[in-house]
Amino acid sequence: MKKQHFIWILASLLAFAGCDEDKSPYAPTGGEALRIDASVEEIVLDPANNAQTAVTFTWNRGYTYGSAVSVEYCFKMDIADNNFATATDLEVLGPDVFERSFTVEELNDLCLERWGITPGESARLEGKVIARLTADKFLMPGVATTAFDVQTYELPSAPLYLLGDAVEVDGAALGWEPSKAVAMTEEVLSRQYSYKGRFRAGEYVLPRQRTSLLPAFFRGADASSMELCTDAEGTRLRIDRSATYRLVVNTKRLTHTLVYYPEYESVYMVGGATPGDWTIEKATPLTWVEGTAQFVYEGPLVVGELKFPAGKASWDAPFFMPVVEDCTDLTMTGVQLVQPGGVDYKWRVTEAGNYRITLDIDALTISFEKR
């Protein structure tokens, strides 16, 4: 009898606890699990229908909550089975949006430009909706995914050229004669182009042909944008500093990017203080900070000497060296570039440890930071 009484009390306590849990202000009050669907299982994209909707993702409301919890829906898309590692930027759509559509052109551009799918080939894409919950404590969001197959279409090839007195060819300015325009590399057909080479202070434009200056792309509202001019010239693009650059333009998004390259695109470290010791074939490469003249090493150094070959790991390369012989003062920032046959100055590390070295080959400065 006592045992039955104990069981009755335990059951009552569990039921009471369950009632308390049901009354939690953060618990769902109704609805069902979040679900998302794509309007197609597979689609063949056709450039003749560029402006038409290719796919529409729709989702239900998911679970509903009381006033203590607010819900907003977010969306992103990626190649299927990629754990959304290269997904589109997360779109926060709000509390009352239950669909997201893509046109034929948008979908084709994403496949070709973002995910590198070969034009004309197929891929499986995956859409994800996230029901983000906001309360005065963290709540796990609702998540649902769906996938569909898409076949991309091939874009027509459309050449793009580079012309102007800022463009350097064989040590001379290219000039403004359209027939001498330099062809850019077409990375994505009729969309994205690149060119890496020497530029000098001056101006340039991006013509569509070698027979005339127009039509051509000129400077847009800022240095990173462009506009297509067909009847009259616009503002020419300009470079103020002579150097090597990689120019990347996208004629669909009308974007324009210049990445600066220093005189030496690789720098190494060699010496008894370094991981490779004095074996030049094992010289340690420094990491280039893209778009700058800075090279960085982070890692261990032991007691010993070091110097920096420029451009290649070879004894006949120029070397970056300190401005004084046997430099033990690692707070000195001065650097000199010494050609083969010159002095043989070195930095001397007197205390082993982990260091961060930052070498600026334009400013000819160096910093050693012991970590």
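Okay, let's start with a charge on a ring: Arg100 lies over the face of Phe102, 4.1 Å from the ring centre. By "over" I mean NZ of Lys or CZ of Arg within 6 Å of the ring centre and within 35 degrees of the ring normal. Lys128 does this too, with its charged end 4.4 Å from the centre of the Phe84 ring.

Quick caveats. This is a predicted model, where local features need pLDDT of at least 70 and side-chain atom pairs count only at pLDDT 80 or more, while totals for chains, interfaces and linings use all residues. Residues are numbered from 1 along each chain as its sequence is written, and side-chain values use heavy atoms, with hydrogens and water left out.

Back to Phe102: ring pairs link it with Phe57, Trp59, Phe75 and Phe148 into a cluster. Rings of Phe, Tyr and Trp (its six-membered ring) pair if their centres lie within 6.5 Å; planes under 30 degrees apart are stacked, over 60 edge-to-face, the rest tilted.

So how many aromatic pairs does the structure hold? There are 16. One of them is Phe308 with Trp347, edge-to-face, at 5.4 Å centre to centre and 70 degrees between the planes. Phe308 is buried at 0% relative accessible area, and Trp347 is buried at 0% as well. Here buried is under 20%, exposed over 50%, partly exposed in between (1.4 Å probe, protein chains only).

Then there's Trp315 and Phe319, a stacked pair at 6.1 Å and 15 degrees. Trp315 is partly exposed, at 43%, whereas Phe319 is buried, at 5%.
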